[in-house]
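This report describes selected local features of a single protein model. The sequence and the structure are shown first, and the account follows from them.

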Amino acid sequence: MSVSDLQLVQQNYSKVIRNSLHLNKSFPDALFYGSKKYGGLGIIPLVVQQCFLKLSLFLHHIRSADDIGKQLLITIASTQLEIGMPTQFFQLPYQKFAHLLTKTWTTYLWEFLSLSNTTLHHSDKEQVW
């Protein structure tokens, strides 16, 4: 799912959670999603959960070099060709290149990582892509 799709789902999801916690529908988002450490409820947004799960799956399959990992490497190479830059695309801002891309699972991961200001780097000792 894309970020905009998740935001639509999040609106309905948040209403249900707020209702089940007996909170007013106008309860502030800053407290609803805020860290428990600072007095918030610590509800994790769907966008954050999706990004974490996608990144975990990505790293698992890339490291295990299974069939899915090989397919991910193919989509990484394809995306790298589409943007036409020598710099690894995971280190570039997604929004700048979004119009050039074919939507793939890897480009959605890149979008999520860009939103969280996270970049991926491969090891200098072992070329992954």
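Which side chains meet in a salt bridge? They are those of Arg18 and Asp29, with a distance of 2.3 Å from N to O. The structure is a predicted model, in which local features need pLDDT of at least 70 and side-chain atom pairs count only at pLDDT 80 or more, while totals for chains, interfaces and linings use all residues. Residues are numbered from 1 along each chain as its sequence is written, and side-chain values use heavy atoms, with hydrogens and water left out.

**The salt bridge**

A salt bridge is defined here as a side-chain nitrogen of Lys or Arg within 4 Å of a carboxyl oxygen of Asp or Glu. The search of the whole structure finds 1 salt bridge. The pair links distant parts of the chain, with Arg18 in helix H1 and Asp29 in helix H2 (residues 29-33), 11 residues apart. Helices are DSSP runs (H or I, at least four residues), numbered from the N terminus. Arg18 counts as buried at 9% relative accessibility, whereas Asp29 is partly exposed, with a relative accessible area of 45%. In these terms, buried means under 20% relative accessible area, exposed means over 50%, and partly exposed lies in between (1.4 Å probe, protein chains only).

**Helix H6 and its surroundings**

In H6, the buried residues are Thr106, Thr107, Leu109, Trp110, Glu111, Phe112 and Leu113. What covers them includes H1, H3, helix H4 (67-83) and helix H5 (94-97). Thr107, found in this helix (residues 105-115), has a relative accessible area of 0% and is therefore buried. When neighbours within four places in sequence are left aside, Thr107 is in contact (heavy atoms within 4.5 Å) with Thr79, Tyr94, Leu101 and Thr102.

Another residue of H6, Leu109, lies 9.5 Å from Phe52 in space, C-alpha to C-alpha, although the two are 57 residues apart in sequence. Phe52 belongs to helix H3 and counts as exposed at 56% relative accessibility.

**The second largest pocket**

The second largest pocket holds about 180 Å³ of space. A pocket is an open set of points on a 1 Å grid over the protein atoms alone, where a 1.4 Å probe fits, with protein on both sides within 12 Å along at least five of seven lines; lining residues have an atom within 4 Å of a point. Grid points are joined across faces, edges and corners, and the volume is the space filled by probe spheres set on the points.

The lining consists of Gln7, Gln10, Pro45, Val47, Val48, Cys51, Phe112, Leu115 and Ser116. The elements that give two or more residues to this lining are H1, helix H3 (46-64) and H6. H3 supplies the largest share, 3 residues. Phe112 thus appears twice in this account, as a lining residue and as one of the buried residues of H6.

**The nonpolar surface patch**

Met1, Val9 and Tyr13 make a nonpolar surface patch of about 250 Å². Patches are made of residues with over 30% relative accessible area and no salt bridge; like charges are joined within 9 Å, and nonpolar side chains (Val, Leu, Ile, Met, Phe, Trp, Tyr) within 5 Å. Accessible areas come from the Shrake-Rupley method with a 1.4 Å probe, and for residues only the protein chains shown count as cover. Met1 lies in the segment before helix H1 (3-20) and is partly exposed, with a relative accessible area of 48%.

**Backbone conformation and C-alpha distances**

Two residues have a positive phi although neither is a glycine.

| Residue | Phi | Relative accessible area |
|---|---|---|
| His22 | about 60 degrees | 73% |
| Asn117 | about 55 degrees | 73% |

His22 lies in the loop between H1 and H2, and Asn117 in the segment after H6. His22 counts as exposed, as does Asn117.

Two further residue pairs complete the description. Ile44, placed in the loop between H2 and H3, is partly exposed at 44% relative accessible area. Ile44 and Phe32 are 12 residues apart in sequence and 9.0 Å apart in space, C-alpha to C-alpha. Ser4 is found in helix H1 and counts as partly exposed at 44% relative accessibility. Ser4 and Leu23 are 19 residues apart in sequence and 25 Å apart in space, C-alpha to C-alpha.
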